[in-house]
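Please open the structure in your viewer and keep the selection panel at hand. The stops below go from the overall fold to single side chains.

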Amino acid sequence: MDWPRLRYVWMHDNFFSGQIPSSMGYLSKLESLHLENNRLSGGIPLSLQKCSGLKTLYLSVNSFTGKLPTWIGKSLVNLIFLAVHSNGFDGQIPKELCHLSSLQVLDFARNNFSGKIPTSQKGCATLRGHAHVATSP
């Protein structure tokens, strides 16, 4: 993909299947990625960490599996909205998500997460005060 100025991708509510193409990582100006309600599978590709300007990431209602990547909390520092509900993610929720100081909405409902919800005194200040955290069905 060679769209150096592309900022918004809305591809939700289709019948897309397979994995998120690693070429999405080349969309360096991307601010909003909506892939919810498709038939996407696999994990979140490492190449998306290059999209450091992402503010909204909607991956809900797909068939993603595996662990939620720790790099989300390290590389996507501008995230305001992260929705991954209704997938097959498992393992613990990464503590690195507490580094997302702008995060306001975090939706983890209907996955297979285990363990404790991470907390931090330094991160997620906006989340604690103003956001909805959904972790169960």
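Two strands are treated here as paired if DSSP finds at least two bridges between them. With that in mind, begin in a model that is predicted, and select Lys 67, whose bridge partner in β8 is Asp 90. Then add Gly 66, which has Phe 89 as its bridge partner in β8. Both bridges belong to the pairing of strand β6 (residues 63–67) with strand β8 (residues 88–91), which runs in the parallel sense over three bridges.

Stay on Lys 67 and Asp 90 and show their side chains, which meet in a salt bridge with an N to O distance of 3.9 Å. Because Asp 90 lies in strand β8 and Lys 67 in strand β6, the pair ties together parts that are 23 residues apart in sequence. Lys 67 counts as exposed at 59% relative accessibility, whereas Asp 90, with a relative accessible area of 31%, is partly exposed.

Next, widen the selection to the sheet. In what order do the five strands of the open sheet stand? The order is β2-β4-β6-β8-β10, and the pairing is parallel. The edges are taken by β2 (17–18) and β10 (112–113), each of which has a single partner strand, so one side of each is left without a neighbour in the sheet. At the β10 edge, β8 and β10 pair in the parallel sense over two bridges, and Gly 91 can be found opposite Phe 113 in β10. For orientation, colour by secondary structure: the protein has two helices and eleven strands, which follow one another along the sequence as β-β-β-β-β-β-α-β-β-β-β-α-β.

From β10, follow the chain into the loop between β10 and α2 (125–130), where Lys 116 is found. Lys 116 counts as exposed, its relative accessibility being 73%. Select Gln 92 as well: the two residues are 24 apart in sequence, and their C-alpha atoms are 7.3 Å apart in space.

Now turn to the interior and select Leu 33, Ile 72, Leu 79 and Leu 82, the residues with the most contacts inside the largest nonpolar core, which has 29 residues. Around Ile 72, and not counting residues up to four places away in sequence, the residues touched are Ile 44, Leu 79, Leu 82, Leu 97 and Leu 100. In soluble globular proteins, nonpolar side chains tend to be buried together. Over the whole protein, buried residues make up 45% of the 137 residues.

Move to strand β3 (residues 32–34) and select His 34. Is His 34 buried or exposed? At 10% relative accessibility, His 34 counts as buried. Beyond its neighbours within four places in sequence, His 34 is in contact with Val 9, Trp 10, Met 11, His 12, Thr 56 and Tyr 58.

For the last stop, select Arg 7 and Glu 31, which form a salt bridge with the closest N and O atoms 3.1 Å apart. Arg 7 lies in the segment before β1 (8–10) and Glu 31 in the loop between β2 and β3, so this pair ties together parts that are 24 residues apart in sequence. Glu 31 is buried, with a relative accessible area of 18%, while Arg 7 counts as partly exposed at 38% relative accessibility. Add Lys 55, whose side chain meets that of Glu 31 in a salt bridge (4.0 Å, N to O). Lys 55 is partly exposed, with a relative accessible area of 37%. Through shared partners, salt bridges join Arg 7, Glu 31 and Lys 55 into one network.

Note on methods:
Residues are numbered from 1 along each chain as its sequence is written. This is a predicted model: local features need pLDDT of at least 70, side-chain atom pairs count only at pLDDT 80 or more; totals for chains, interfaces and linings use all residues. Side-chain values use heavy atoms; hydrogens and water are left out. Helices (H or I, at least four residues) and strands (E, at least two) are DSSP runs, numbered from the N terminus. A nonpolar core is a set of buried Ala, Val, Leu, Ile, Met, Phe, Trp, Tyr and Cys residues joined through side-chain atoms within 4.5 Å. Buried means under 20% relative accessible area, exposed over 50%, partly exposed in between (1.4 Å probe, protein chains only). Contact means heavy atoms within 4.5 Å.
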